[in-house]
Amino acid sequence: MISAIARTSMRSRAAGNVLRSGDHYPSPNGMHLPFNTQKKGFKFLYWGSCTFFASLPFVAAWWQIRKGNGTKDY
């Protein structure tokens with residue numbers, strides 16, 4: 001039973017590689033995206049937004065802990 005499952009997964013993985021292996025339409029770096037990655041400030045905007053959105057859960061947790069049980073006057 002296990003060998004049948006292993007063979008099935010091997011077949012499907014091999015077929016997937018064949019379908020993806022033919023890159024007939026190569027594109028320059030970042031040219032397939034709907035925005036310009038070659039602009040000067042792109043990396044700062046990208047990493048800035050990644051940092052901002054990744055920090056939101058921590059800011060929300062800090063806000064909830066700081067808030068306490070509603071007795072603080074802020």
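1. A patch here is a group of residues with over 30% relative accessible area and no salt bridge, where like charges are joined within 9 Å and nonpolar side chains (Val, Leu, Ile, Met, Phe, Trp, Tyr) within 5 Å; a salt bridge is a side-chain nitrogen of Lys or Arg within 4 Å of a carboxyl oxygen of Asp or Glu. Phe52, Phe53 and Leu56 form such a nonpolar patch on the surface, together offering about 320 Å² of accessible area (Shrake-Rupley method, 1.4 Å probe, with only the protein chains shown counting as cover for residues).

2. A word on the basis: this is a predicted model, where local features need pLDDT of at least 70, side-chain atom pairs count only at pLDDT 80 or more, and totals for chains, interfaces and linings use all residues. Residues are numbered from 1 along each chain as its sequence is written, and side-chain values use heavy atoms, leaving out hydrogens and water.

3. Now the patch members in turn. Phe53 is exposed at 55% relative accessible area, while Phe52 at 47% and Leu56 at 36% are partly exposed (buried is under 20%, exposed over 50%, partly exposed in between; 1.4 Å probe, protein chains only). Buried residues make up 4% of the 74 residues in the protein chain.

4. On to the rings: there are four aromatic pairs, counted when ring centres of Phe, Tyr and Trp (its six-membered ring) lie within 6.5 Å, with planes under 30 degrees apart stacked, over 60 edge-to-face and the rest tilted. Phe52 and Phe53 are edge-to-face because their centres are 5.0 Å apart and their planes stand at 70 degrees. Ring pairs also link Phe42, Tyr46 and Trp47 into a cluster.
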